[in-house]
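Student: I'd like to take a close look at just one part of this protein. Could you walk me through it slowly?

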Amino acid sequence: MKRKKFLALALAGVMTAATLTACAPLEDLYDWFFGSGSSSASHGSEKGLVRESEELNNKLEPLKAYLGLSETTVSDRAKETLEKVAKEFDAEWLIDGELSTNTAIAALGSIANDLNQQLCVDVMEWPFSSGTAVTDPGHRMIYVGGYEDRGADTGVPSHYSRLTKYSFLKGQLKSLNINDAELYAGTFQKGDKTYAAMVIIF
């Protein structure tokens, strides 16, 4: 008798599982087995991660030429830096589609300080609209930060962190005779919007 009850319960369990599998989405099944929130946490952990975009890289070619960067390297360090930017990014950094706030300068300055090199960052909504680095680089703002050597009399080099125009960055690279740099660009999602971002390290 006990054996029959056990078999009946086992059969009922199999039928329930089969019904759920046929009718419910996989994420709902995950929550059913492990509790609500587990599935969303697993998938949500991918939010903010940078994804490579061939379309974005192609659109950046004229910008590289504008800056005089004839040689760029897609380095692991540049990718890791862009991942940090995506993680820290807040939509309030942007005003009229470009980096414009002290909050952005402070957050990017912290990332630049860890690099111990010159860092440039731009973030914009994706797909592009007018007034972006690609369509109008001369008038657009970009973040620039790093170490600044003020001479032997001042002691150790100091950090600087600011927003400047692409045209100024172009002149800076030219004056320093820099035509090669580490560069990485990609897209990421925050909230319901997708953003394109680029970092240059030299």
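Student: Which strands and which helix do the buried residues of H4 pack against?

Tutor: Sure, but a quick word on the model. It is a predicted one, where local features need pLDDT of at least 70 and side-chain atom pairs count only at pLDDT 80 or more, while totals for chains, interfaces and linings use all residues. Residues are numbered from 1 along each chain as its sequence is written, and side-chain values use heavy atoms, with hydrogens and water left out.

Now to H4, which covers residues 54-67. Helices (H or I, at least four residues) and strands (E, at least two) are DSSP runs, numbered from the N terminus. The end C-alpha atoms of H4 are 20 Å apart, which agrees with the 20 Å that its 14 residues should span at 1.5 Å a residue; that expected span is 1.5 Å times one less than the number of residues. Just after H4 comes Gly68, with a positive phi near 80°.

Here's your answer: the buried residues of H4 pack against strand E1 (71-73), helix H7 (166-175), strand E7 (180-190) and strand E8 (193-201). Those buried residues are Leu56, Leu60, Leu63, Lys64 and Leu67. Buried means under 20% relative accessible area, exposed over 50%, and partly exposed in between (1.4 Å probe, protein chains only). Lys64 counts as buried because its relative accessibility is 14%. Leaving aside residues up to four places away in sequence, Lys64 touches Leu69, Thr72 and Leu183, where contact means heavy atoms within 4.5 Å.

What about those strands? They belong to an open sheet of six, in the order E1-E7-E8-E4-E5-E6, with mixed pairing. E1 and strand E6 (158-165) stand at the edges with a single partner strand each, so one side of each has no neighbour in the sheet. Two strands pair if DSSP finds at least two bridges between them. E1 and E7 pair in the parallel sense over three bridges, with Thr73 opposite Glu182 in E7. On to E8: nine bridges join E7 to E8, and these two run antiparallel. Glu182 turns up again here, since its bridge partner in E8 is Ile201. Two residues sit between the strands in the hairpin of E7 and E8, where Gly191 takes a positive phi near 65°. Eight of the eleven residues of E7 are buried, so E7 is largely enclosed by the rest of the structure.
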